[in-house]
Amino acid sequence: MAELVFFTGTMDCGKSTLALQLDYNARQRGLAGRLFTCNDRAGQATLSSRLGLTVPAIEVKADLNLQRLLVGEMTAGARIDYLICDEAQFYSGEQIEQLGRIVDELSVDVYAFGILTDFRTRLFEGSQRLVELADRVEALQVRSLCWCGRPGTHNARTVGGVMVTEGEQVVIGDTEEVRALDLGYEVLCRRHHRRKVTAHVGNSGSLSPDVLPFGTSS
């Protein structure tokens, strides 16, 4: 039976690499699939891995009805056995529901890949709906590390190396505005995300220790 599977993890844990590997393995078995992505770092209509691998993909724009697209292609005679959906955190809740209907009504396997939370530690709309609807949620075993060596659990946005917690949820592409802001992303452990201590801040001076939130008594 077809499944909707959500593979999730922090940045740099190999989600897109696994997506490309699954697509390769399926094609080697003679299966036919479609690749989708949204706001990939390499530009529109491209699925890219941080290892340097890139392949063409269908860009999931806000007005794209995934179910209607597949029904149209399959009605015209196309064979589609599976979908690879990268950067699924950026899909709308409705588009995730369309993926569920593709699995149930068209018997097409859907493998979605994405991060759970944004730089404010809030769930992305697409990721939240995937957690709610997926047959399986798989946490990737390759773990990113915080600069301190602990497992990285939170995605931080930085400006000039300093963590920020306000701004638009999605900042798209390597634009002139983004470069001017010196905007980037970094994976931190919960402790350093809570304290807003990035690698730039942590390596530029000594850190004050956490203290217990107790008042002093005379």
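The buried residues of helix H2 pack against strands S2 and S6 and against helix H3. In this predicted model, those buried residues are Leu66, Gln67 and Leu70. They cover an arc of only 95° around the axis, which puts them on the same side of H2. In general, an α-helix has 3.6 residues a turn, so residues three or four places apart point the same way. On the other side of H2, Arg68 and Thr75 are exposed.

Both ends of H2 have a feature that can be found in the structure. At the start of H2, a side-chain oxygen of Asn65 comes within 3.2 Å of the backbone nitrogen of Gln67. Gln67 is also one of the buried residues of the helix. After H2 comes Gly77, with a positive phi near 105°.

**The parallel sheet**

H2 belongs next to a sheet. Six strands make up this open sheet, in the order S5-S2-S6-S7-S1-S8, and their pairing is parallel. Strand S5 (58-59) and strand S8 (136-139) stand at the edges with a single partner strand each, so one side of each is left without a neighbour in the sheet. Helix H2 (residues 66-75) packs on the sheet and touches strand S2 (33-37), S5 and strand S6 (82-85). The direction of H2 makes about 155° with that of S2.

Three of the pairings can be followed strand by strand. Strand S1 (residues 4-8) pairs with S8 in the parallel sense over four bridges, and in this pairing Phe6 stands opposite Val137 in S8. S1 is also joined to S7, by five bridges, and these two strands run parallel. Here Thr8 stands opposite Gly114 in S7. S7 in turn pairs with S6 in the parallel sense over four bridges, with Tyr82 opposite Asp109 in S7.

How is the unit made by S6, H3 and S7 handed, right or left? S6, H3 and S7 make a right-handed β-α-β unit.

**Two residues with positive phi**

The two loops of this unit each hold a residue with an uncommon backbone angle. Most residues other than glycine have a negative phi. Glu87, in the loop between S6 and helix H3 (93-106), has a positive phi near 55°. Ser107, in the loop between H3 and strand S7 (109-114), has a positive phi of about 55° although it is not a glycine.

Is each of them buried or exposed? A residue counts as buried under 20% relative accessible area and as exposed over 50%. Glu87 has 11% relative accessibility, so Glu87 counts as buried. Ser107 has 56%, so Ser107 counts as exposed. The table sets these two beside His193, a helix residue discussed below.

| Residue | Location | Relative accessibility |
|---|---|---|
| Glu87 | loop between S6 and H3 | 11%, buried |
| Ser107 | loop between H3 and S7 | 56%, exposed |
| His193 | helix H6 | 8%, buried |

**The antiparallel sheet**

A further open sheet has three strands in the order S10-S9-S11, and the pairing is antiparallel. Strand S10 (162-164) and strand S11 (183-188) are its edge strands, each pairing on one side only. On average, neighbouring strands of this sheet are turned by 50° against each other, direction ignored. Strand S9 (residues 154-159) is joined to S11 by six bridges, and the two run antiparallel. Within this pairing, Arg157 stands opposite Tyr185 in S11.

**His193**

His193 is found in helix H6 (residues 190-195). With 8% relative accessibility, His193 counts as buried. Which residues does His193 touch, leaving aside those up to four places away in sequence? They are Phe119, Thr121, His154, Asn155, Ala156, Met163 and Leu188. With Phe119 there is also a polar contact: the side chain of His193 reaches the backbone oxygen of Phe119 at 3.3 Å.

**The whole chain**

The protein has seven helices and 11 strands. Of its 218 residues, 40% count as buried. Among contacts between residues at least 6 apart in sequence, 72% join residues at least 24 apart.

Methods
Residues numbered from 1 in each chain as written. Predicted model: local features only at pLDDT ≥ 70, side-chain atom pairs only at ≥ 80, totals over all residues. Heavy atoms only, no water. Pairing = 2+ DSSP bridges. Contact = heavy atoms within 4.5 Å. Axes fitted to C-alpha atoms, helices over the stretch in contact; angles between N-to-C directions. Buried < 20%, exposed > 50% of the residue type's maximum accessible area, 1.4 Å probe, protein only. Arc of directions from axis to C-beta. Polar contact = N/O pair within 3.5 Å; in protein donor to acceptor, adjacent residues only side chain to side chain. Right-handed = clockwise from strand over helix to strand, strands pointing away.
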